[in-house]
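Work through the following exercises with the sequence and the model side by side, and try each task before reading its solution.

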Amino acid sequence: MGMNNFRGIILTFALSTLTACAPEIGVRMSVPNVPEPQSAVEPSAATAPVKVKVGRFADGRGSPTIVTIDGRDVDSEGDLSAVVEEGFTRYLRQAGARIAIIDAPTIDGTITEWRATVDPAFPSSEAKASARVKVVVRDSRAHAIYNATFSGEATASHPLLDEEGVQKLLAQAMGSALEAAVKDDEFVGQLAKGRIQ
């Protein structure tokens, strides 16, 4: 066997090994639901009396790409806004806030980032997800009184990283961003101030 044939076999093996480590994801990926908070969101004296209405969170990302795998873009499929709104509703409720429909301060905003990058490698693929949400607090008369941006990240390294694993990572990143908001004293304080009788 010649040296060129031997190198060709080694190169073919290496490429097939790297390909085997790459998650099998099509051209679109469903948006995952936000998980439970990673740490307890305890009700406090500041959050207990707060009433809040969760408004619309627009998809303000610069691209529909939710995952980039080894340079290949995968677009999101599903309603990102609904996922963030439901996540905020759940996290605020767990923190002791009362979710209202009328006569309450409102939060709304923009999803400015939600994506993951996967780098297939041997023996493990590396993945990183990040999420960023701009939140606006409006008083009960719909006047903007406060805005802030909250972000979250998650990373993973796994030899068999699949679509479900990437979705879980994306969910953790967005969960971290929403958790940061709900635990932010200034954000919660502005909600308490936002109720105008």
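**Exercise 1. Compare the expected span of helix α3 with the distance between its end C-alpha atoms.**

Solution. Begin with the helix itself: α3 covers residues 163–182, which makes 20 residues, where helices are DSSP runs of H or I with at least four residues, strands are runs of E with at least two, and both are numbered from the N terminus. The expected span is 1.5 Å times one less than the number of residues, so α3 should span 28 Å, and its end C-alpha atoms lie 29 Å apart, which agrees. As a further step, look at the cover of this helix: 14 of the 20 residues of α3 are buried, a word that stands for under 20% relative accessible area, while exposed means over 50% and partly exposed lies in between, with a 1.4 Å probe and protein chains only.

The model is predicted, so local features need pLDDT of at least 70 and side-chain atom pairs count only at pLDDT 80 or more, whereas totals for chains, interfaces and linings use all residues. Residues are numbered from 1 along each chain as its sequence is written, and side-chain values use heavy atoms, with hydrogens and water left out.

**Exercise 2. Describe the make-up of the whole protein chain.**

Solution. Count the elements to start with: the protein chain has four helices and eight strands, and along the sequence they follow the pattern α-β-β-β-β-α-β-β-β-β-α-α. Next, turn to burial, where 44% of the 197 residues count as buried. The protein chain exposes about 10,300 Å², of which carbon and sulfur atoms supply 53%, the areas coming from the Shrake-Rupley method with a 1.4 Å probe and, for residues, with only the protein chains shown counting as cover. Finally, consider the contacts (heavy atoms within 4.5 Å): among those between residues at least 6 apart in sequence, 78% join residues at least 24 apart.

**Exercise 3. Trace how strands β6, β7 and β8 pair.**

Solution. Two strands pair if DSSP finds at least two bridges between them. Strand β6 (residues 106–119) and strand β7 (residues 125–138) pair in the antiparallel sense over 13 bridges, and Gly109 stands opposite Val135 in β7. These two strands form a hairpin with five residues between them. The next step leads to β8 (residues 144–158), which pairs with β7 in the antiparallel sense over 14 bridges, with Glu126 opposite Ser157 in β8. Here, too, there is a hairpin with five residues between the strands, and Ala142 in its turn has a positive phi of about 75°.

Then examine the loop between β6 and β7, where Ser124 lies. Ser124 has a relative accessible area of 19% and is therefore buried. Leaving aside residues up to four places away in sequence, Ser124 touches Ser157, His158 and Pro159.

**Exercise 4. Which residues does Arg90 meet in salt bridges?**

Solution. A salt bridge is a side-chain nitrogen of Lys or Arg within 4 Å of a carboxyl oxygen of Asp or Glu, and by this rule the count comes to 10. One of the partners of Arg90 is Glu36, at 2.9 Å from N to O. Glu36 lies in the loop between β1 (28–30) and β2 (51–59), and Arg90 in helix α2 (residues 80–94), so the pair ties together parts that are 54 residues apart in sequence. Arg90 also forms a salt bridge with Glu86, with the closest N and O atoms 2.9 Å apart; because Arg90 and Glu86 are four residues apart in helix α2, about one helical turn separates them. Salt bridges that share partners join Glu36, Glu86 and Arg90 into one network.

To finish, compare burial: Arg90 is buried at 17% relative accessible area, whereas Glu36 is partly exposed at 47% and Glu86 is partly exposed at 37%.

**Exercise 5. Where do the buried residues of helix α4 lie around its axis?**

Solution. In α4 (residues 185–193), the residues Phe187, Val188, Gln190 and Leu191 are buried. Seen down the axis, the buried residues fall within an arc of 155°, so they line one face of the helix; the arc is that of the directions from the helix axis to the C-beta atoms. On the other side of α4, Asp185 and Lys193 are exposed. The cover over the buried residues of α4 includes β2, α2, β6, β7, β8 and α3.
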